[in-house]
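Please consider the structure shown below. The paragraphs that follow lead through it one region at a time.

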Amino acid sequence: MSKVTVVGAGNVGATCANVLAFNEVADEVVMLDVKEGVSEGKAMDMMQTAQLLGFDTTVVGCTNDYAQTANSDVVVITSGIPRKPGMTREELIGVNAGIVKSVAQNILKYSPNAIIVVISNPMDTMTYLSLKSLGLPKNRIIGMGGALDSSRFKYFLSQALGCNANEVEGMVIGGHGDTTMIPLARLATYKGIPVSKLLSADKLQEVVASTMVGGATLTKLLGTSAWYAPGAAGAYVVESIIHNQGKMVPCSVYLEGEYGESDLCIGVPVILGKNGIEKIVELELTAEEKELFAKSAAAVKKTNEALKEVGAL
Ligand SMILES: NC(=O)c1ccc[n+]([C@@H]2O[C@H](COP(=O)([O-])OP(=O)(O)OC[C@H]3O[C@@H](n4cnc5c(N)ncnc54)[C@H](O)[C@@H]3O)[C@@H](O)[C@H]2O)c1
Ligand SMILES: O=C(O)C[C@H](O)C(=O)O
């Protein structure tokens, strides 16, 4: 019996639960929210698609009842407020730090062995907060951002190349922020061909810039932040863990000297499996990429400092 809990049944959480159910990633998916009846309603709505879509996962909804989340293998935290147009993710820290910290503590009471996937923003800092306040081994606290950013990078690359996005490879490392993301254009390929051989330097730079503000662009269009790709990216990370897939996915993880950094959570490629982070992969970066990574880490650390100001750490 595999069980996944998704905390926060809003746009991202409900989408993530829906993808988990549709793809039969786990036997049971529990959604929990503080809004009375919303999780229950969305769970019932999803269960009424089971016969249409042909899945056997059971989706359960509950209002703030952590007992129902007991013995989850993986817990996804999406609770908290999203940004509005014109805001940065970092501005959400004041509200979201308190929510994420209390949710993480409640989760651990009922699922002491769970692997926790943090989605709430500012995600790298919320991942760091979860790790520091729960004191769990670093392999069990994983921030989701790189899976989404890499998917957006591949989308923008495929648009520029006029090709199928499934035939493009690319990775985004660094912080999950408008200015801290590092799309690794040098390593991106189309069917094994470096994209730098197929696109001009200017076009490639445009793709990198669009990727970095991918979330802000959607927030402007939607009036709130995106949810389809974020929910699917969360489910992708959960599936990699639950099904012990050994996939390499950029995730926000606690560094202790890797990439020349320590005491922060930031996006780097990791191997995901049944223990959560099975391994951190150290890429050989160029001097320029190293400099970008150091700048990104400094910015993430600065946001982490605000955790003390808001009394979360
Ligand atoms: N890491 C990423 O790549 C990524 C991508 C998209 C969104 N996000 C972030 O995810 C978060 C959720 O976004 P959304 O669009 O789903 O927002 P949303 O407002 O649609 O949903 C958030 C839900 O959290 C619930 N909630 C609030 N406090 C709670 C608590 N204490 N316990 C349980 N539930 C609680 C709310 O009732 C709401 O239903 C935001 O912080 C957003 O910035 C991150
Ligand atoms: O952009 C946001 O605020 C939400 C999320 O981090 C995203 O990248 O879609």
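In this predicted model, V270 stands opposite I280, a residue of β14. The strands concerned are β13, which covers residues 262–273, and β14, which covers residues 276–280. They run antiparallel and are joined by four bridges. The passage from β13 to β14 is a hairpin made through two residues.

A wider span is described in the UniProt record. An unreviewed entry there places the feature "domain: Lactate/malate dehydrogenase C-terminal" at residues 148–306. In the model, 44% of this span is helix and 25% is strand. The C-alpha atoms at the two ends of the span lie 25 Å apart.

Attention may now turn to the ligand. Ligand 1 is surrounded by 34 residues, and the closest of them are G8, G10, S79, N121 and P230. Several elements contribute to this shell: the helices α1 (11–22) and α4 (93–110), together with the strand β2 (28–33), each supply at least two of its residues. As to chemical character, the shell around ligand 1 comprises 17 nonpolar residues, 14 polar residues and three charged residues.

The strand β2 also leads to the last residue discussed here. E36 is found in the loop that lies between β2 and α2 (38–47). Is E36 buried or exposed? E36 counts as exposed because it has 10 C-beta neighbours inside 10 Å, and a residue with 12 or fewer is placed in that class. In sequence, E36 and C62 are 26 residues apart; in space, the distance between E36 and C62 is 8.3 Å from C-alpha to C-alpha.

Note on methods
Residues are numbered from 1 along each chain as its sequence is written. Chains are lettered from A and ligands numbered from 1 in the order in which they are written. This is a predicted model: local features need pLDDT of at least 70, side-chain atom pairs count only at pLDDT 80 or more; totals for chains, interfaces and linings use all residues. A residue is near a molecule or strand if its C-beta atom, placed from the backbone, lies within 6 Å of it. Ala, Val, Leu, Ile, Met, Phe, Trp, Tyr, Cys and Pro count as nonpolar, Asp, Glu, Lys and Arg as charged, and the others, Gly among them, as polar. UniProt positions are given in the numbering used here, feature names are shortened, and annotations may be inferred rather than shown by experiment. A residue is buried if 20 or more other C-beta atoms lie within 10 Å of its own, exposed if 12 or fewer, and partly exposed in between; C-beta atoms are placed from the backbone. Two strands pair if DSSP finds at least two bridges between them.
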